[in-house]
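Student: I should like to work through a protein structure with you, one question at a time. May we begin once it is displayed?

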Amino acid sequence: MKTLTRILVVATILLFCGCSFADPKPQSEDIAALRAIVNLPMEAKSARWEIFGTPDDSGWVPGPTDFHTLIAELEQGQDWFTSLKEPAREIFIVPEAARPWLTKEFRDLLDRNRNSTAILSSRANCRKYSTTVTRPGRQLVGVACNSSGKILVYLPLDSPSN
């Protein structure tokens with residue numbers, strides 16, 4: 001019995017040593033690639049963005065992906081955010097939304113509201129953000145938040161109800 005236990009312990013250690021928990025698809029900084037996916041009316045000096053699935057679609061969780069979400073953090077080239085007037089509406093924040101590469105303020109905002117329906121304009125400088133997918137032009141409604149010249153864009157691309 002002790003031999004079997006030792007084998008199981010060694011096998012478990014080897015299994016986890018060979019696996020990486022790092023994000024398999026790091027964020028992109030390619031603004032042109034982001035603009036090829038969604039229409040962005042703003043000028044941006046820089047961007048970091050990522051599209052990810054929920055549940056995690058990296059292969060660790062078997063089963064279908066229910067949501068795909070686009071998160072982008074943009075550095076404004078011009079003051080675009082003030083043109084957004086409508087407060088953010090209720091929006092579901094997926095559990096994985098607080099991406100590790102986000103600015104701490106945005107990461108904390110998404111982490112505090114993860115896996116819940118939230119009205120982010122009551123918790124931060126956030127507004128409703130509507131845009132379209134470049135092809136076929138389907139309407140997307142999400143939220144944009146402003147902090148220190150940076151804009152967080154949170155766009156649900158699909159969900160089980162779509």
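Student: How many aromatic pairs does a search of the whole structure find?

Tutor: Please keep in mind that this is a predicted model. Two rings count as a pair if their centres lie within 6.5 Å. A search of the whole structure for such pairs gives a count of 0.

Student: Which residue lies over the face of Phe-52?

Tutor: For an arginine, the CZ atom must be within 6 Å of the ring centre to count as sitting over the ring. The distance from the ring centre of Phe-52 is 4.0 Å here. The residue over this face is Arg-99.

Student: Phe-52 also touches Thr-69. Is Thr-69 buried or exposed?

Tutor: Thr-69 belongs to strand S2, residues 67-76. Its contacts beyond four places in sequence include Glu-50, Ile-51, Val-94, Tyr-154, Leu-155 and Leu-157. The limit for a buried residue is under 20% relative accessible area. Thr-69 has 1%, so it counts as buried.

Student: Glu-75 is also in strand S2. What is its relative accessibility?

Tutor: Leaving out residues up to four places away, Glu-75 touches Glu-43, Ala-44, Lys-45, Ser-46, Gly-149 and Lys-150. Its class is partly exposed, which lies between the limits of 20% and 50%. The value for Glu-75 is 29%.

Student: How far apart in space are Glu-75 and Lys-150?

Tutor: In sequence, 75 residues separate Glu-75 and Lys-150. Sequence separation does not give the spatial distance, which is taken here from C-alpha to C-alpha. That distance is 4.6 Å.

Student: Where does Gly-149 lie?

Tutor: Gly-149 touches Leu-74, Glu-75 and Gln-76, apart from residues up to four places away in sequence. Gly-149 is partly exposed, with a relative accessible area of 31%. Its place is the loop between S6 and strand S7, residues 150-158.

Student: What is the phi of Ser-148, which is in the loop between S6 and S7?

Tutor: Most residues other than glycine have a negative phi. Ser-148, which counts as exposed at 75% relative accessibility, has a positive value although it is not a glycine. Its phi is near 55°.

Student: Which residue in the loop between H3 and strand S4 has a positive phi although it is not a glycine?

Tutor: The loop in question comes before strand S4, residues 116-118. The residue has a phi of about 55° and counts as exposed at 51% relative accessibility. It is Asn-115.

Student: How many bridges join S5 to S6?

Tutor: Two strands pair if at least two bridges are found between them. S5 and S6 run antiparallel, and Arg-127 stands opposite Ala-144 in S6. The number of bridges joining S5 to S6 is 7.

Student: Which peptide bond is cis, with omega near 10°?

Tutor: Most peptide bonds are trans. The bond in question leads to Pro-136, a residue in the loop between S5 and S6. In this hairpin, which has 6 residues between the strands, Gly-137 takes a positive phi near 95°. The cis bond is the one from Arg-135 to Pro-136.

Student: Which strands does the disulfide of Cys-126 and Cys-145 tie together?

Tutor: The sulfur atoms of Cys-126 and Cys-145 are 2.0 Å apart, and a disulfide requires them to be within 2.5 Å. Cys-126 is buried at 3% relative accessible area, and Cys-145 is buried at 1%. The pair ties together parts that are 19 residues apart in sequence, because Cys-126 lies in strand S5 and Cys-145 in strand S6.

Student: What is the torsion about the S-S bond of Cys-126 and Cys-145?

Tutor: The count of disulfides comes to 1. The torsion about the S-S bond makes the disulfide of Cys-126 and Cys-145 right-handed. Its value is about 105°.

Student: In which helix is the confidence lowest?

Tutor: The mean pLDDT of the chain is 79, and 75% of its residues reach 70 or more. Confidence is highest in helix H3, residues 104-112, at 96. Where pLDDT is low, the predicted coordinates should not be read in detail. The lowest mean, 43, belongs to helix H1.

Notes
Residues are numbered from 1 along each chain as its sequence is written. This is a predicted model: local features need pLDDT of at least 70, side-chain atom pairs count only at pLDDT 80 or more; totals for chains, interfaces and linings use all residues. Side-chain values use heavy atoms; hydrogens and water are left out. Helices (H or I, at least four residues) and strands (E, at least two) are DSSP runs, numbered from the N terminus. Buried means under 20% relative accessible area, exposed over 50%, partly exposed in between (1.4 Å probe, protein chains only). Contact means heavy atoms within 4.5 Å. pLDDT is the predictor's confidence in each residue, from 0 to 100. Rings of Phe, Tyr and Trp (its six-membered ring) pair if their centres lie within 6.5 Å; planes under 30 degrees apart count as stacked, over 60 as edge-to-face and the rest as tilted. A charge sits over a ring if NZ of Lys or CZ of Arg is within 6 Å of the ring centre and within 35 degrees of the ring normal.
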